[in-house]
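Visitor: I would like to learn how to read this assembly. Please show me the model, then take me through the contacts between its chains and the sheets within them.

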8 protein chains.
Amino acid sequence: MNEESLKKLFKEVREGGCSVSEAIRQLKHWPAESIDIACIDHHRSLRTGLPEVVYGEDKSAAQIIAIMKKMMAKSCLALATRVSHEKALTVCREVGGLTYHETARMLAGNEDKVEEAGYRGTILVLSAGTSDMPVAEEAYLTARYLGNPVEKLYDVGVAGIHRLLGYKQMLDEATVLVVVAGMEGALPSVVGGLVDKPVIAVPTSVGYGSAFGGITALLGMLNSCAPGVAVVNIDNGFGAGCMAATINRKNE
Amino acid sequence: MNEESLKKLFKEVREGGCSVSEAIRQLKHWPAESIDIACIDHHRSLRTGLPEVVYGEDKSAAQIIAIMKKMMAKSCLALATRVSHEKALTVCREVGGLTYHETARMLAGNEDKVEEAGYRGTILVLSAGTSDMPVAEEAYLTARYLGNPVEKLYDVGVAGIHRLLGYKQMLDEATVLVVVAGMEGALPSVVGGLVDKPVIAVPTSVGYGSAFGGITALLGMLNSCAPGVAVVNIDNGFGAGCMAATINRKNE
Amino acid sequence: MNEESLKKLFKEVREGGCSVSEAIRQLKHWPAESIDIACIDHHRSLRTGLPEVVYGEDKSAAQIIAIMKKMMAKSCLALATRVSHEKALTVCREVGGLTYHETARMLAGNEDKVEEAGYRGTILVLSAGTSDMPVAEEAYLTARYLGNPVEKLYDVGVAGIHRLLGYKQMLDEATVLVVVAGMEGALPSVVGGLVDKPVIAVPTSVGYGSAFGGITALLGMLNSCAPGVAVVNIDNGFGAGCMAATINRKNE
Amino acid sequence: MNEESLKKLFKEVREGGCSVSEAIRQLKHWPAESIDIACIDHHRSLRTGLPEVVYGEDKSAAQIIAIMKKMMAKSCLALATRVSHEKALTVCREVGGLTYHETARMLAGNEDKVEEAGYRGTILVLSAGTSDMPVAEEAYLTARYLGNPVEKLYDVGVAGIHRLLGYKQMLDEATVLVVVAGMEGALPSVVGGLVDKPVIAVPTSVGYGSAFGGITALLGMLNSCAPGVAVVNIDNGFGAGCMAATINRKNE
Amino acid sequence: MNEESLKKLFKEVREGGCSVSEAIRQLKHWPAESIDIACIDHHRSLRTGLPEVVYGEDKSAAQIIAIMKKMMAKSCLALATRVSHEKALTVCREVGGLTYHETARMLAGNEDKVEEAGYRGTILVLSAGTSDMPVAEEAYLTARYLGNPVEKLYDVGVAGIHRLLGYKQMLDEATVLVVVAGMEGALPSVVGGLVDKPVIAVPTSVGYGSAFGGITALLGMLNSCAPGVAVVNIDNGFGAGCMAATINRKNE
Amino acid sequence: MNEESLKKLFKEVREGGCSVSEAIRQLKHWPAESIDIACIDHHRSLRTGLPEVVYGEDKSAAQIIAIMKKMMAKSCLALATRVSHEKALTVCREVGGLTYHETARMLAGNEDKVEEAGYRGTILVLSAGTSDMPVAEEAYLTARYLGNPVEKLYDVGVAGIHRLLGYKQMLDEATVLVVVAGMEGALPSVVGGLVDKPVIAVPTSVGYGSAFGGITALLGMLNSCAPGVAVVNIDNGFGAGCMAATINRKNE
Amino acid sequence: MNEESLKKLFKEVREGGCSVSEAIRQLKHWPAESIDIACIDHHRSLRTGLPEVVYGEDKSAAQIIAIMKKMMAKSCLALATRVSHEKALTVCREVGGLTYHETARMLAGNEDKVEEAGYRGTILVLSAGTSDMPVAEEAYLTARYLGNPVEKLYDVGVAGIHRLLGYKQMLDEATVLVVVAGMEGALPSVVGGLVDKPVIAVPTSVGYGSAFGGITALLGMLNSCAPGVAVVNIDNGFGAGCMAATINRKNE
Amino acid sequence: MNEESLKKLFKEVREGGCSVSEAIRQLKHWPAESIDIACIDHHRSLRTGLPEVVYGEDKSAAQIIAIMKKMMAKSCLALATRVSHEKALTVCREVGGLTYHETARMLAGNEDKVEEAGYRGTILVLSAGTSDMPVAEEAYLTARYLGNPVEKLYDVGVAGIHRLLGYKQMLDEATVLVVVAGMEGALPSVVGGLVDKPVIAVPTSVGYGSAFGGITALLGMLNSCAPGVAVVNIDNGFGAGCMAATINRKNE
């Protein structure tokens, strides 16, 4: 029950077309109206520049095709994450107008529908090693498709700290930093100590043995000795991109 | 070596008071000048409203007294976190002008030195249960001492979801939300689904048995089904307050 | 040795057809008669509406075929869980009259033999996301095949809490609720706070990274801040369905 | 906003004392009325026989005294769990009319206010060893204070299986069984194989070394080979008692 | 250097055929003589009836073929464990006279070379479920090939405790019991409570979700409330068979 | 119902003093007779030399006093494990004739009641370091009080392997070996490679950091590369002593 | 900016070809010159005998081919680790002059470019079992390609301790020892107790069940009772080889 | 039996003062002479500069007094680690001539007996934070008492990376580096990337929440992206000092 239908109900009550007890009965399950609210939420999402996103990992090519077709038809931006090369080939054969970002494993359609959000500045995505690139790219593209200017700085891990220090100015100029690292996950601590901007740390499953599929990097980041660092799930480039975009959004 | 001393060196070289090889020798260990840089960093910290903070857990009352006295003398805001009731009593007897926040276990001095930072809006701190209050209060006070307007909304856990929904407007009006919860740590997911602002999730060690001292809450928050949620260490109210302040800082 | 054979033995003793010492010898291994008792148990199981169920995960198609044929011949309900699509195809080619529930990965035969048990009310199965559907469907079908009326309500996870609140009436009308969720597993807490009926929580292995194959959801559910919630093993839709049916069974 | 105030609003609208737009404004924050709803919930709780319960572990004697006094004054049943012997002494000195159950570590007041709920049958609480008694007693008393007939059968662990088998009839006559065990936590599996009633398994922190404070028992119970078993948190006798009472409640 | 060569050395010293310093030089690396001792060890192994055993898991069919050929030629018993069906086919094509035990995944050659060891009695191998059979069979065959009389009793898990009780006599007559179980691993506790013989518990990786590949069963067995139970590694049927044989060996 | 009462029942049936249906009624709850069986079990325990043992860790001095007095009165051996120095003092003041073994933390009374069991040989208890002595002594005394000849060999850890090798003969002469070690727990592997007797490995909680209270030693022992090694719980010297005694028991 | 360009800048300042402020501007981003420094680092690496090494696990054959070609062209030693047999075949077909070490899974080119570093002595690589050989060989080859004399001693695990003791002299003559072991990982403790040289312990993922993919061996090594032992990651033969080479390097 | 006594034995044999069989009898238990060998080892230890060290954690003041007195009497260096302030006071009252290092919690006597070993260069001990100092000091003093020149550089953690870079020269001049850090344990990676010397990483238990008592730092160090880093147990400053001394020892 939205504002319109509510107004109508009250008018009927006032005009005697609806009894008080009937009106109460109709309002009794207003929480059930939450489906409406969910819809409103949905619209608000689109309004704030957050596109619908398909999580492709668990879905078959057929399922992705069905959803992407529907989204393309709505002529809003259509995104799918964690789509393997093989699935992507199948999907692109069936659905026209899609771009496949191989490293990030993302599919995008209606890219011209991305509107520049009211943003505060530039998001900078850093990665420690080349193996962290798929996750870094997912964060990069997510933030970009959410309408933000995004820069990237890859392969600046702590074992060669001079590489990072060489880009001090770039660090200083960003509004939000997304720092992606696997293995010991030390990069966010170092970056967090160099800047006074929010740092979103993304552990990756890069490593072997006691890297434990990203647990070591995750724990390292949670225990960062630099304040101003917060962490998302292992390999969650998409979540980091969303968080960065949310932070970078200009309050109206 | 800062800009001034660098300028002086170059002048001496130009004027012949210093040979080229001598100048190179002096610059060779510029990285060794990082002590200077650390100082500059330190000043920058103060400039941006981030006060020096003493981590009181591992320190004796005597050590805290010594540091607080020095900080009070510098007449900038003096903060100490994780100071037990007993230690606080001892410290307050020795150092005048301190406020002890018992729930948050924080000591503060020179509180009049807090300058309102250039902030973007209001930070809102939520907690799931009354047992989470010490951590929530640490986040609350940290953000406030960093010069931000902060509101709080405690005991709105998910087992009585109506309590939270009653404050929808308050959620909508915040710029950043800090959500503190122990046990299953589900509150940030629910909050993250209601707002389009950055949510900083803080797991607490509240619970018993398989709560594992906060691990369960931590894992729950890292796997939040709501995007736009990032997590700090267990019981790290201070870190959450810093992160929130960093996000809420206005770019000049 | 069941009641009948026991009666016969006593009669023989009374009538002198069996000496006392021989009778004692025959009874000496009554515990060994537990095979009989197991049979009686087995009959009791059928009587209470609990069909024999084949756990298909570890079994080859050939093994499943052999067992299902035997069960079909006994003309009681025949069920097999965790049967992959591929195995199901093979089994169905060899055994007639089977239904394959693809999402739930269950095979059922002699479906007309399901008798409505004496039940107390309706079981409601909820799931947080679409990826949790295989487990939710296993619970749904298990409860249904055990002779219960079952309703379902899928994709009502906590990140869009209004979706759930819209179905408050449906929640109120159920006798038992099975709540299936992966990732942070927060849904049972929210549901448990809305109803005064027993809630059976089922964690799923849905998620990635620190979801740890369902451990995070499991821990979250065990630490639910709502009382009246109990938990089964990860992905154990079958167990949840059995537990729900056992609770929903009418006494006497 | 409850039914009464809603009726009043509608009447005012009908009678012109309140404009339609004003009525909409008042209803706009109905979710904010959830505080009312929480109260209603609270009353419903009392109505269904679930008393308010104080979790005493984290609270000081002073805090418990304050809350218990308030609850005693409301002349409804007053319960507090996890109250140590020492705290209980202090509380009982200050608050009259309390009973302290030492083994269960529970405090109860206004015990005459317990009303027999509409129950389906008898709840049976079993424990494996004498060390599990505190948790078993907490479950026993919780269920009893929630208005149920409860029986107990302690020290019937699996290492002497004959002890349990001797009480087969008692097992058969219960409507719900709460099975409490530490160490390897095997008892619920054995009990679950003997009865066709719901079994609520409660792992305890009894044991040492690789018992890991109850994790081993918890895992054992979650992996029970008997269907119809669901599990609560380690040492959570209170939760098990609530779950049992919820199951044993008669549908009206 | 064994007793003989040592005697010879001393004689040469006495008779002047070897200088003292030369004798010391020869004895200096006596630890280096450990290679000899290793050989003696090896012979002793054969003498005590413990055949050489190939761990097949990590080895290619080609490697197994090479080793088995060499062992067959030595005309002593040749055993290989953890040989997959596919590898076994290849090996059997190349090496004549081998028996492949499919369930146990063991290959055996020169089976007529097994000599009955001096044994104390019968070893009994029990398993909880049919899925535990591969591990149980590995234990069974290992003990049998080490020259022991072995009985088996499978599928007597605790969820149907009467099945086990029916075989009380069989339990009583064994000298050593090997008890194999997955999931919650409760069987050894029950068996350990029924007999006064050593019980070797073998956890299996049977189960799913929080069975954690056998960890739950392992922990359950280590925390058995019955004394006289000791545990081997997950799925280590071979180790259990060896341990049982070592215990069952008659002292001369 | 034992053999005597059974014979009486049958006689009554034959002689008409008891109807067949009454006889069946009386036998119906034979499993309930398991209390008798438990008693028989209890006597059998005493007969086989296994004394009643009090687990003192969780019990108060008062509780231990009560039990020990009762056991002393029955004039059979009275044992209590894990009794702290302080508790022991209190107990010994109240109960006469007790010996307190301080290192093993065991109390023993009626020591003259220990009967030499029919044993097969000597049990040897080894420990890696001096810190492992409490556990080693618990195993040593348990085995001795169960009527076995026991030898000990302490502080022969693997970091000084020559110490162990010097006692090769002692190792060879034992019938069963109990090997106690903390930290990396490597000693059982080395011992297991030197002897052809059953080795019972006991991990201890000795160590710090990643020793994890004995988990590292436990895991090391479970993964021993020497066959013929089985493991008990961390610090479970009592269990190891029982297992060793059970193995060392002579079959009659 | 290296020494040369720095000298040039100073000269220009002195000669007036560059203003002081311009010079300061050029030096302002000297940290940004770290790219240069990285290059210098790179050269220093080559100078000290540490070749560039490709981590092949995550890379495709195509990627490895591209990098190896570039490295071969620079005519310095070219190494790639963790290259599967299949990938190696593809790479060798495309890039001439490569050697593939199958057990160590390493590819090497321009092997004649290895220069004997200034080394202190011989590195000795030991392994416990034959299954540890891939890791041991990776350490062996890494150290050799870094210009060190290396010996190996494989299959000398602790279950047959005499095998190791037979090579005491070889142990004594090494300068650094790399000890590779899986399962319980006990070998480094024994070796560390026999020598007074640095021991680098390498846990391997060899084992099953509670070996947990090398965690057990890792923990065992970290808790070694022998001082002078340090540990690298599971299966990290390359890291151990580097560490050994770094230790064995002669200070000039 | 050492070389001297062996020579004597041979002479007696030659001269007839000892029969061959008697000589063999004496040598038969040469492995039993390992006690002698342990002594020789002991002497060798002293010769190489490694003093006897008492691990004080588990020992009472009385035990430490007894051992220290004996060691002082032997007039060699006497060391005890992990001695609390309180115990140290007691010990120093009883044993003269001891120095107590409070931060490192070490006791030392006969300090003038430390002989400068033949060392290769200077050992540098770094620590990340002030809380890591106890562990760093233990490493520092251990290495110094083993006769090495040692430097220290504390509080140079990665969150203020400039502090470390300022001491590049100091890093370059060390022969071995011991790097001590808690929390995320990132410092060894950064240091390992700056130097070409062996780095011994020491995780500390500094931190809270998901620092897990040093596990996070330990895992971070094991997964260092810099080669040439090896790790010791959590808080094991003593082990790190020994390892550093062993590496720094000059080969004769």
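Visitor: How many residue pairs are in polar contact across the interface of chain B and chain A?

Guide: This is a predicted model. Across the interface of chain B and chain A there are 7 residue pairs in polar contact, both residues at pLDDT 80 or more.

Visitor: Which elements of chain B supply at least two residues of the side that touches chain A?

Guide: There are helix 3 (34–47), helix 10 (215–222), strand 9 (229–231) and helix 11 (237–248) of chain B. Helix 11 of chain B gives the most to that side, with 4 residues.

Visitor: What is the count of salt bridges between chain B and chain A?

Guide: The count is 2 salt bridges. Arg249(A) forms a salt bridge with Asp196(B). Their closest N and O atoms are 3.8 Å apart.

Visitor: How is the size of an interface given?

Guide: The size of an interface is often given as the accessible area lost when the parts come together. Between chain B and chain A, the buried area is about 2400 Å². Carbon and sulfur atoms give 55% of that area. In residues, 28 of chain B are in contact with 29 of chain A.

Visitor: How do I read the relation between two copies?

Guide: Two copies of a chain are related by a rotation about an axis and a shift along it. Take chain B and chain A. A rotation of 180° with 0.0 Å of shift along its axis superposes chain B on chain A, at an RMSD of 0.1 Å. That is the relation of a two-fold axis.

Visitor: Why do the copies meet through the same surface?

Guide: Compare the interface residues. In chain A, 100% of the interface residues of chain B are also interface residues, so the copies meet through the same surface.

Visitor: Now chain F and chain E. What turn and shift lay chain F on chain E?

Guide: A turn of 179° and a shift of 0.1 Å along the axis do it, with an RMSD of 0.2 Å. Look for the axis at Val231(F). Of the residues of chain F, Val231(F) comes closest to the rotation axis, with its C-alpha at 2.5 Å. Here too the same surface serves both copies, as 96% of the contact residues of chain F recur in chain E.

Visitor: How many residues are in contact between chain F and chain E, and what area do these chains bury?

Guide: 28 residues of chain F are in contact with 27 residues of chain E. The two chains bury about 2500 Å² between them. Of this area, 54% is on carbon and sulfur atoms.

Visitor: Which salt bridge does Arg249(F) form?

Guide: Its partner is Asp196(E), and the closest N and O atoms are 3.8 Å apart. Across the interface of chain F and chain E there are 2 salt bridges. The count of residue pairs in polar contact there is 7, both residues at pLDDT 80 or more.

Visitor: Which elements of chain F give two or more residues to the side that touches chain E?

Guide: They are helix 3 (34–47), helix 9 (187–194), helix 10 (215–222), strand 9 (229–231) and helix 11 (237–248) of chain F. Helix 11 of chain F gives the most to this side, with 4 residues.

Visitor: Let us turn to the sheets. In what order do the strands of the open sheet in chain D stand?

Guide: The order is 1-2-4-3, with 4 strands and mixed pairing. Strand 1 (53–55) and strand 3 (98–101) of chain D each have a single partner strand, so one side of each is left without a neighbour in the sheet. Neighbouring strands are turned by 15° against each other on average, direction ignored.

Visitor: How many bridges join strand 2 to strand 4 of chain D?

Guide: 3 bridges join strand 2 (residues 78–81) to strand 4 (residues 106–109) of chain D, and these strands run antiparallel. Within strand 4 of chain D, Ala108(D) is the bridge partner of Leu79(D).

Visitor: Which strands of chain D do helix 5 and helix 6 touch?

Guide: Helix 5 (residues 85–94) of chain D packs on the sheet and touches strand 3 and strand 4. Its direction makes about 170° with that of strand 3 of chain D. Helix 6 (residues 133–145) of chain D also packs on the sheet, touching strand 2, strand 3 and strand 4. The direction of helix 6 makes about 20° with that of strand 4 of chain D.

Visitor: And in chain C, which residue stands opposite Ala78(C)?

Guide: Gly109(C), in strand 4 of chain C, stands opposite Ala78(C).

Key:
Residues are numbered from 1 along each chain as its sequence is written. Chains are lettered from A and ligands numbered from 1 in the order in which they are written. This is a predicted model: local features need pLDDT of at least 70, side-chain atom pairs count only at pLDDT 80 or more; totals for chains, interfaces and linings use all residues. Side-chain values use heavy atoms; hydrogens and water are left out. Two strands pair if DSSP finds at least two bridges between them. Axes are lines fitted to C-alpha atoms, for helices over the stretch in contact, and angles run from 0 to 180 degrees between N-to-C directions. Contact means heavy atoms within 4.5 Å. Copies are superposed by least squares on the C-alpha atoms of residues with pLDDT of at least 70 in both. Buried area is the accessible area (1.4 Å probe) that two parts lose on being put together, summed over both. A salt bridge is a side-chain nitrogen of Lys or Arg within 4 Å of a carboxyl oxygen of Asp or Glu. A polar contact is a pair of N or O atoms within 3.5 Å; within protein, one must be able to donate a hydrogen and the other to accept it, and residues adjacent in sequence count only if both atoms are side-chain atoms.
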